[in-house]
Amino acid sequence: MCTFDAPIARCEAMHQMVLLDETRKECACEHGCPPGQECPLAACFAHQSGLYEAHPEVGPHGQPRAGAAVH
């Protein structure tokens, strides 16, 4: 069983649920927001994406990075 406890919100501009533990730029890229679109959740996003910076041993998609020590 997996527990996922990230903050989420509904983006009314894109009509999708979005994760708020990423940066606004990451969210815009992930959800295909057009350049210059006003973001209704702009103040809600993390200032720094937490997972990869806090855990350098974790690569894309949650896979361990090559050469990282696995506990």
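What percentage of the 71 residues of the protein chain counts as buried? In this predicted model, the share is 20%. The accessible surface of the protein chain amounts to about 5,600 Å², and carbon and sulfur atoms contribute 59% of that area. Among the contacts with a separation of 6 or more, 27% link residues that lie 24 or more positions apart.

The protein chain contains two helices and two strands, arranged along the sequence in the pattern β-β-α-α. Strand β1 spans residues 8–11 and strand β2 spans residues 16–19. The two strands run antiparallel and are joined by four bridges; in one of the pairings, Ile8 has Leu19 of β2 as its bridge partner. Together β1 and β2 form a hairpin, with four residues between them. Within the turn, His15 adopts a positive phi of about 55°.

The side chains of β1 are divided between two faces. In a regular strand, side chains alternate between the two faces of the sheet. In β1, Ala9 and Cys11 are directed to one face and are buried, whereas Ile8 and Arg10 are directed to the other and are not buried. Both Ala9 and Cys11 also belong to the largest nonpolar core, which has seven residues and further includes Val18, Leu20, Cys27, Leu41 and Phe45. Val18 makes contacts with several members of this core: with residues up to four places away in sequence left out, Val18 touches Ala9, Cys11, Cys27, Leu41 and Phe45, and also Pro7, Ile8 and His31.

The cysteines were examined for possible pairing. A disulfide is a covalent bond between the sulfur atoms of two cysteines. A search of the whole structure returned zero disulfides. For Cys11, the closest cysteine sulfur is that of Cys39, at 5.7 Å, so the two are too far apart for a bond. For Cys33, the closest cysteine sulfur is that of Cys11, and here too the distance of 5.7 Å is too far for a bond. The relevant cut-off for a disulfide is 2.5 Å between the sulfur atoms. As to solvent accessibility, Cys11 is buried, with a relative accessible area of 6%, while Cys33 is partly exposed at 25%.

The region following the hairpin was considered next. Thr23 is located in the loop between β2 and helix α1, the latter comprising residues 24–31. Thr23 counts as buried because its relative accessibility of 18% falls under the 20% limit. Apart from neighbours within four places in sequence, the contacts of Thr23 are with Phe45, Ala46, His47, Gln48 and Ser49. Phe45, one of these contacts, is also a member of the largest nonpolar core and is touched by Val18.

Glu30 lies in helix α1. Its relative accessible area of 52% is over the 50% limit, and Glu30 is therefore classed as exposed. Glu30 and Val18 are separated by 12 residues in sequence, and their C-alpha atoms are 9.3 Å apart in space.

Conventions
Residues numbered from 1 in each chain as written. Predicted model: local features only at pLDDT ≥ 70, side-chain atom pairs only at ≥ 80, totals over all residues. Heavy atoms only, no water. Buried < 20%, exposed > 50% of the residue type's maximum accessible area, 1.4 Å probe, protein only. Contact = heavy atoms within 4.5 Å. Areas by Shrake-Rupley, 256 points an atom, 1.4 Å probe, with all protein chains shown as cover. Core = buried A, V, L, I, M, F, W, Y, C linked by side-chain atoms within 4.5 Å. Pairing = 2+ DSSP bridges.
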